[in-house]
Amino acid sequence: MAVSKLVLAATSGKSSKILLGLRVLAFLATLSAAIVMGLNKETKTFVVGNVGNTPIKATFTAKFQHTPAFVYFVVANAMVSFHNLLMVALQLFGGKTELTAFRLLSIAILDMLNVTLLSAAANAAAFMAEVGKNGNKHARWDKICDRFATYCDHGAGALIAAFAGVVLMVIISAVSISRLVQPNNKCSISTAASPSVAP
Amino acid sequence: MVNLTKRIGALVLRLAAFGAALAALIVMVTSHERASFFAVSLEAKYTDMAAFKYFVIANAVVSVYSFLVLFLPKESLLWKFVVVLDLVMTMLLTSSLSAALAVAQVGKKGNANAGWLPICGQVPKFCDQVTGALIAGFVALVLYVLLLLYSLHSVVDPFLLQKS
């Protein structure tokens, strides 16, 4: 039967071990990106003016919540790391659950959805970070990285981790889709066994 | 008969996705406005923001790819690559749309904490055209997700409906 052969191919073999390793790596990458960006905060006092001889100081904070793209970045990375954690837990602790065709398909579709979600989040945060780093003289937006260097460095680290997560999720998606393909040697057996019909 | 209907449906979907990506590209490229503001002349073009340039490039790539796949013959072996390339194009579309949206949102609302003023008040026509391009990009993205699911279904048989 076609179903049992596909399930056999999917549960045993190298592809599930490779998938497990890749999922653990992707979980770690996206979790670290979410945590580093989530804890990204820097407070600094600047001298904004002088009244006579005494300088006036004002305190400014750079937080990730100020930019909606970074909020989306944290949320999307948390969602993708949770998805990977769930898949790893299913593979490690759900040893006797049967991998039906519907479940394999839903895993492949979920992987594809998560990879597009993660790539959108990483890209939006990357372009917003580029505006923060270089400013935009046409729109008269000043760059903020010269004043909040640690905030920018932490953000850059989180971005690198997220892009590594994107690459890993693409590979995971490809492996999940390849597990859906049926082994080809089924056809020859059925055509040889079919008898000729006598009227 | 069912196969012919499905193929025509997929062809129509791909034509629509090609049209949407092309429309997003053209509307973004032709967005251009000059405004003078207290003796300072401000000219807004799509090349001012890196995210809009990436949006234009991504939609150009997707349009060219859709146009080429429209002419792919039915029995060609390249349909397996179409699944992979459809996923790549979907990712390209979501990332470019998301980046352009993030930057456009700052242009519309500004960012008070960073001292960035919104520019939509000074160049409203530019802002409207960028919004239109982003909506067309979103339509192209939705169509591409449907196309990805269809390519996956036609190359791989996920529900194992065929017995042989």
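Start with the salt bridges: in this predicted model, the count over all chains comes to 3. One to pick out is the pair A:Asp111 and A:Arg23, so show both side chains as sticks. Their N to O distance is 3.0 Å. Now colour the helices they sit in: A:Asp111 belongs to helix H4 of chain A and A:Arg23 to helix H2 (residues 14-38) of chain A, so this pair ties together parts that are 88 residues apart in sequence.

Keep H4(A) selected, residues 101-134, since the next stops are its neighbours.

**Stop one: H3(A).** Add residues 68-93 of chain A, which make up helix H3. The axes of H3(A) and H4(A) come within 9 Å and cross at roughly 155°. An angle over 145° counts as roughly antiparallel, and that is therefore how H3(A) and H4(A) run relative to each other. Turn the view until one helix lies in front of the other, and you are looking at a left-handed crossing. Colour the contact by residue type and you'll find 19 nonpolar residues, 3 polar and 1 charged.

**Stop two: H5(A).** Swap in residues 149-178 of chain A, helix H5. H5(A) packs against H4(A) at an angle of about 160°, with the axes 9 Å apart. These two helices are therefore roughly antiparallel as well, and H4(A) passes H5(A) in a left-handed crossing. Which kinds of residue make up the contact of H4(A) with H5(A)? They divide into 17 nonpolar, 6 polar and 1 charged.

**Stop three: across to chain B.** Bring up helix H3 of chain B, residues 79-109. Its axis is 8 Å from that of H4(A), and the two pack at about 40°. Check the handedness here: the crossing of H4(A) and H3(B) is right-handed. For sticks on the H4(A) side, try A:Ser119, A:Ala120, A:Asn123, A:Ala124 and A:Phe127, which are among the residues that meet H3(B). On the H3(B) side, the residues to show include B:Met91, B:Ser95, B:Ala99 and B:Val103. This contact holds 14 nonpolar and 7 polar residues, with no charged ones.

**Last stop: the whole interface.** Zoom out and select everything shared by the two chains. You should have 34 residues of chain B in contact with 40 residues of chain A. How much area is buried between chain B and chain A? About 3,300 Å², of which carbon and sulfur atoms give 76%. If you go looking for salt bridges between chain B and chain A, the count is 0.

Definitions and conventions
Residues numbered from 1 in each chain as written. Chains lettered and ligands numbered in written order. Predicted model: local features only at pLDDT ≥ 70, side-chain atom pairs only at ≥ 80, totals over all residues. Heavy atoms only, no water. Axes fitted to C-alpha atoms, helices over the stretch in contact; angles between N-to-C directions. Helix = DSSP H or I, 4+ residues; strand = E, 2+ residues; numbered from the N terminus. Parallel < 35°, antiparallel > 145°, perpendicular 65-115°, else oblique. Left-handed = near helix turned anticlockwise from the far one by under 90°. Nonpolar A, V, L, I, M, F, W, Y, C, P; charged D, E, K, R; others polar. Contact = heavy atoms within 4.5 Å. Buried area = accessible area lost by both parts, 1.4 Å probe. Salt bridge = Lys/Arg side-chain N within 4 Å of Asp/Glu carboxyl O.
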